[in-house]
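Student: I've never looked at this one before. Could you walk me through it, one question at a time?

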Amino acid sequence: MLEENEKKYVRIITSTDAEPREGETLGELMARCGAPLDQPCGGRGTCGKCRVKVTRVVPECTDGERLLLSDEEIRAGIRLACVTRAERGMTVERVDADPCGAKTPAGFAHPQARCAGRAEYAVAVDIGTTTLVAYLVNKSAAATTAVSSSANPQSAYGADVISRISFASESEEGLSILKAKVVGAINRLIFNLQRSASVSEEEISEVVISANATMEHLFAGVSPKSIGRAPFEPMFKTFPILTASHMNLALLPRTPVALMPNISGFVGGDVTAGIVYTGMAKRKELSLLVDIGTNNEMVLGCRDFLLCCSAAAGPALEGAMISQGMCAAGGAVDHVKSENGRLAVSTVDGTPAVGVCGSGLVDAVGVLLDEKVINASGKFAKSLPEGTDFSTRLEADKKRFLLSRGKRGGVYITQKDIRKVQLAKSAIATGVELMLEEAGKSVGDVARVYVAGSFGNYITVENAMRIGILPRIAREKITSVGNSSGLGAIEFIIRPELWKEALAVAKDARHIELATHRDFQRTFVKNLSFD
């Protein structure tokens, strides 16, 4: 049976009345014995609301729980009752009821004063192919209150959208897995936001999602199969307003969930958000938006026209698929310079180097070009003048160059790494060149260049121009706009009138399909060179 006392905990003891049935979860057992817990997601393990603290017999966490629970909670024995198998001898402590009605894990009490006069909040989520970022927006104050981010767990099923389209298209199970992975991760981010700002689910009135078309389809549980085959059109360019219950989000069931309108299969709602956020579609002068990520999107236009394209450049510029690549975390080489004939390297937090992130990779290639360690074709020199810092770092026989000695012996950039940078930069440069050609314009006609994506916040612009990721243009014309997808979603929450503009942008922008463009192959091969 289950015993309950004034401290609100239940103990599973070994009487026959409460003998756990085979495969029974804690949630099922507690409901059967008259002590049910709320399970808003229907016991799917996606909302994270049925938290309990388990002691004495503490089970291992499931993969789903690891997405929804913090490391601190896991160590403290917090588990989800809907997925935790009931075992003899368990002591299960209930989650205390929040005074505003939300369930709160022990140690994270919400201020009671908030019950009297609640502010109105919304959540903006940028679903990137590699990274997820969620923002809690105070609608009353028109300000961001909290931010939480994580890796996109779908990456385990493919680093790029093409891989995920293939996985999701093979079976309904594949689509369900990818949907559950991203929804579970977003639920954890939402919980982190609530905990950070002491905000209950009742205070969150809406969710705005900004993502590329494939990520939006996977989030909504809609097959992206049509995006992966000619004519590469999404099932939905504009999704209807969904609800939290439909999406299994850990919010009140009727909370509306709005997705940014897509322009095409490979230019999605994240780009629509960026166009509106920068205001480029309203200006007379010509602007270029370059959104650098795993899938690179570019937009050229003004108030008279908008051209856009995408280039599957791969994740190299985010530090992925590089021999010692990593995200911009502790120990990541983030900047490389040549100072008085010697190589100077910095890391994100000043600790010994353990890898290299995207900004460090771009810097490294730029410096190696300037110092003639590599030539315009990207090949390492066979040798360098002896006695220099650069000659001692070059291991020509191993086709690699030492950036920094670190905790693991050394961080190198290899010939294969340079080739991946070449492919990425050529894809971007080719997209820009062909859009200019279609518009009858030249680089000199561009008045502004907006660099979007977190990558744009950290790169040395001069090196990005040096190696060809950005067009060679006056430095003052280039502006980093950060995560324009997420920041755009925030703007749509604060200024709902922008939705009308977004729909017009998605309808009027003309997409150029690079793969079938008559000049693509010639232009791409030409742009592989670092000249």
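Tutor: Sure, what follows is a set of short questions and answers about this predicted model.

Student: How many helices and strands does the chain have?
Tutor: Let's get the overall picture. Of the 531 residues in the chain, buried ones make up 55%. The secondary structure adds up to 16 helices and 23 strands.

Student: What is the mean pLDDT of the chain?
Tutor: Parts of the chain score poorly: over residues 1–17 the pLDDT is below 50, and over residues 96–116 it stays under 50. Where pLDDT is low, the predicted coordinates should not be read in detail. Still, 87% of the residues reach 70 or more, and the mean for the chain is 85.

Student: What share of the contacts with a separation of 6 or more comes from residues 24 or more positions apart?
Tutor: A contact here means heavy atoms within 4.5 Å. Among contacts in the chain with a separation of 6 or more, residues 24 or more positions apart account for 64%.

Student: Let's zoom in on β6. Is it enclosed or open, and how many of its residues are buried?
Tutor: Take the two faces in turn. On one side Tyr121, Val123, Val125 and Ile127 are buried, and on the other Ala122, Ala124 and Asp126 are too. That is why strand β6 (residues 121–127) counts as largely enclosed by the rest of the structure: the buried residues number seven of the seven.

Student: Which strand pairs with β6 in the parallel sense?
Tutor: Strands of a sheet pair through backbone hydrogen bonds, either parallel or antiparallel. β7 (residues 131–138) runs antiparallel to β6, joined by seven bridges, with a hairpin of three residues linking the two and Val125 opposite Ala134. Ala122, though, stands opposite Glu206 in β9. The parallel partner, over seven bridges, is strand β9 (residues 204–211).

Student: On to α9. How far apart are its end C-alpha atoms?
Tutor: Start with the length you'd expect. Helix α9 (residues 358–370) has 13 residues, so at 1.5 Å a residue it should span 18 Å. The model agrees with that, as the end C-alpha atoms are 19 Å apart.

Student: How many residues of α9 are buried?
Tutor: The buried ones include Gly358, Leu361, Val365 and Leu369. They also include Asp363. The helix is mostly covered, and of its 13 residues the buried ones number twelve.

Student: Which residue just after α9 takes a positive phi?
Tutor: Look right past the end of the helix. The phi there is about 60°, and the residue is Lys372.

Student: At what angle does α9 run to β20?
Tutor: First, the sheet: it is open, with three strands in the order β18-β19-β20 and antiparallel pairing. β18 (394–395) and β20 (411–414) are the edge strands, each pairing on one side only. Over in β19, Phe401 stands opposite Leu394. α9 lies across β19 and β20, and its angle to β20 is about 65°.

Student: Which helix gives the most to the largest nonpolar core?
Tutor: In soluble globular proteins, nonpolar side chains tend to be buried together. This core has 61 residues, and Phe401, Ile413, Ile469 and Leu470 touch the most other members. Giving the most, with nine residues, is helix α11 (residues 415–439).

Student: Which residues of α9 does Ile413 touch?
Tutor: Leaving out residues up to four places away in sequence, the partners of Ile413 include Phe380, Phe401, Leu403 and Ile418. The list of buried residues in α9 can be checked against those partners. Ile413 touches Leu361, Ala364, Val365 and Leu368.

Student: Last pair: is Arg405 buried or exposed, and what about Ser264?
Tutor: Both are in loops: Arg405 between β19 and β20, Ser264 between β11 (256–259) and α8 (269–278). Ser264 touches Ala213, Pro234 and His511, not counting residues up to four places away in sequence. Exposed means over 50% relative accessible area and buried means under 20%. At 62%, Arg405 is exposed, while at 3%, Ser264 is buried.

Note on methods
Residues are numbered from 1 along each chain as its sequence is written. This is a predicted model: local features need pLDDT of at least 70, side-chain atom pairs count only at pLDDT 80 or more; totals for chains, interfaces and linings use all residues. Side-chain values use heavy atoms; hydrogens and water are left out. Helices (H or I, at least four residues) and strands (E, at least two) are DSSP runs, numbered from the N terminus. The expected span of a helix is 1.5 Å times one less than its number of residues. Buried means under 20% relative accessible area, exposed over 50%, partly exposed in between (1.4 Å probe, protein chains only). Two strands pair if DSSP finds at least two bridges between them. Axes are lines fitted to C-alpha atoms, for helices over the stretch in contact, and angles run from 0 to 180 degrees between N-to-C directions. A nonpolar core is a set of buried Ala, Val, Leu, Ile, Met, Phe, Trp, Tyr and Cys residues joined through side-chain atoms within 4.5 Å. pLDDT is the predictor's confidence in each residue, from 0 to 100.
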